[in-house]
Amino acid sequence: MLRAVLVLLPLVLLGAPPALAADYCASVNSKKGWQSLNLPNGKIRKVAYSGSWTVINGLYKPVGPRGYSGKDAAALGPLYGYKFDQSYAFGEMLVRDQAGRIVPFAEFAALALNTRDPAGTYAFRINDKDVALWDNKGIIKVCVSMR
């Protein structure tokens with residue numbers, strides 16, 4: 001009995017251990033349309049990504065979630081009809097929230113840190129219409145760290 005008290009006493013004095021962080025990740029394939037990621041209740045600590053993709057494999061260098069800019073964006077200009085959303089760059093990662101709003105990944109990442117209740121299903125895709133996904137290549141892994 002004394003041994004149990006001595007083991008439990010430090011836990012009582014120090015309080016409960018802090019909640020551990022968990023990562024929720026999705027590997028977003030450039031050859032597929034919307035791909036889901038479910039987030040639980042909690043506080044988002046960080047949004048990160050790794051990897052790259054291209055909208056036309058072999059012709060354009062792989063890019064991250066901000067998509068194409070500069071000379072490559074200008075060269076892709078005449079193909080604008082193949083963008084999923086004309087408001088954003090070719091190759092940009094798009095994020096759709098529970099309400100159906102679509103924003104670029106950079107905006108999602110910035111806003112997520114201040115979201116009071118992030119629980120729900122989010123969907124991610126490359127900014128390229130479904131009919132044009134066949135010549136894409138690459139995967140961008142998105143991870144949301146929560147506590």
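What follows walks through the fold of this predicted model, from the overall layout down to one disulfide and one alanine.

Starting with the broad strokes, the protein chain carries three helices and seven strands. Read from the N terminus, its elements come in the order α-β-β-β-α-β-β-α-β-β. Of the 147 residues in the protein chain, 37% are buried. The chain exposes about 8900 Å², and carbon and sulfur atoms supply 59% of that area. As for who touches whom, take the contacts with a separation of 6 or more: residues 24 or more positions apart account for 72% of them.

The strands sort into sheets, and the four-stranded one is a good place to begin. This open sheet has the order β2-β6-β4-β5, with antiparallel pairing. Its edges are β2 (35-39) and β5 (102-104); each has a single partner strand, so one side of each is left without a neighbour in the sheet. On average, neighbouring strands here are turned by 30° against each other, if direction is ignored. Within the sheet, β4 (residues 93-96) and β6 (residues 120-126) are held in antiparallel register by four bridges. One of the residues involved is M93, whose bridge partner in β6 is I126. Packed on this sheet is helix α3 (residues 105-112), which touches β4, β5 and β6. The direction of α3 makes about 95° with that of β5.

Next comes the three-stranded sheet. It is also open, it has the order β1-β7-β3, and its pairing is antiparallel. Here β1 and β3 (44-54) are the edge strands, each pairing on one side only. From one strand to the next, the twist averages 10°. Strands β3 and β7 run antiparallel and are joined by 10 bridges; on the residue level, T54 has K137 as its bridge partner in β7. Helix α3 turns up again in this part of the model, lying across β3 and β7. Relative to β3, α3 runs at about 165°. The helix therefore has a place in both descriptions: it touches β4, β5 and β6 in the four-stranded sheet, and it lies across β3 and β7 in the three-stranded one.

On to the covalent cross-link. How many disulfides does a search of the whole structure find? The search turns up one, formed by C25 and C143, with their sulfur atoms 2.0 Å apart. The torsion about this S-S bond is about 115°, so the disulfide is right-handed. C25 sits in strand β1 (residues 22-29) and C143 in strand β7 (residues 137-146), so the pair ties together parts that are 118 residues apart in sequence. As for solvent, C25 counts as partly exposed because its relative accessibility is 35%, whereas C143 is buried, with a relative accessible area of 17%.

Finally, A48 gives a residue-level view of strand β3, where it is found. A48 counts as partly exposed, at 29% relative accessibility. Setting aside neighbours within four places in sequence, A48 is in contact with F105, K141, V142 and C143. C143 is the buried cysteine of the disulfide. K141 is 93 residues away from A48 in sequence, yet the two C-alpha atoms are 8.3 Å apart in space.

How values were computed: Residues are numbered from 1 along each chain as its sequence is written. This is a predicted model: local features need pLDDT of at least 70, side-chain atom pairs count only at pLDDT 80 or more; totals for chains, interfaces and linings use all residues. Side-chain values use heavy atoms; hydrogens and water are left out. Two strands pair if DSSP finds at least two bridges between them. Helices (H or I, at least four residues) and strands (E, at least two) are DSSP runs, numbered from the N terminus. Axes are lines fitted to C-alpha atoms, for helices over the stretch in contact, and angles run from 0 to 180 degrees between N-to-C directions. Contact means heavy atoms within 4.5 Å. A disulfide is a pair of cysteine sulfur atoms within 2.5 Å. Buried means under 20% relative accessible area, exposed over 50%, partly exposed in between (1.4 Å probe, protein chains only). Accessible areas come from the Shrake-Rupley method with a 1.4 Å probe; for residues, only the protein chains shown count as cover.
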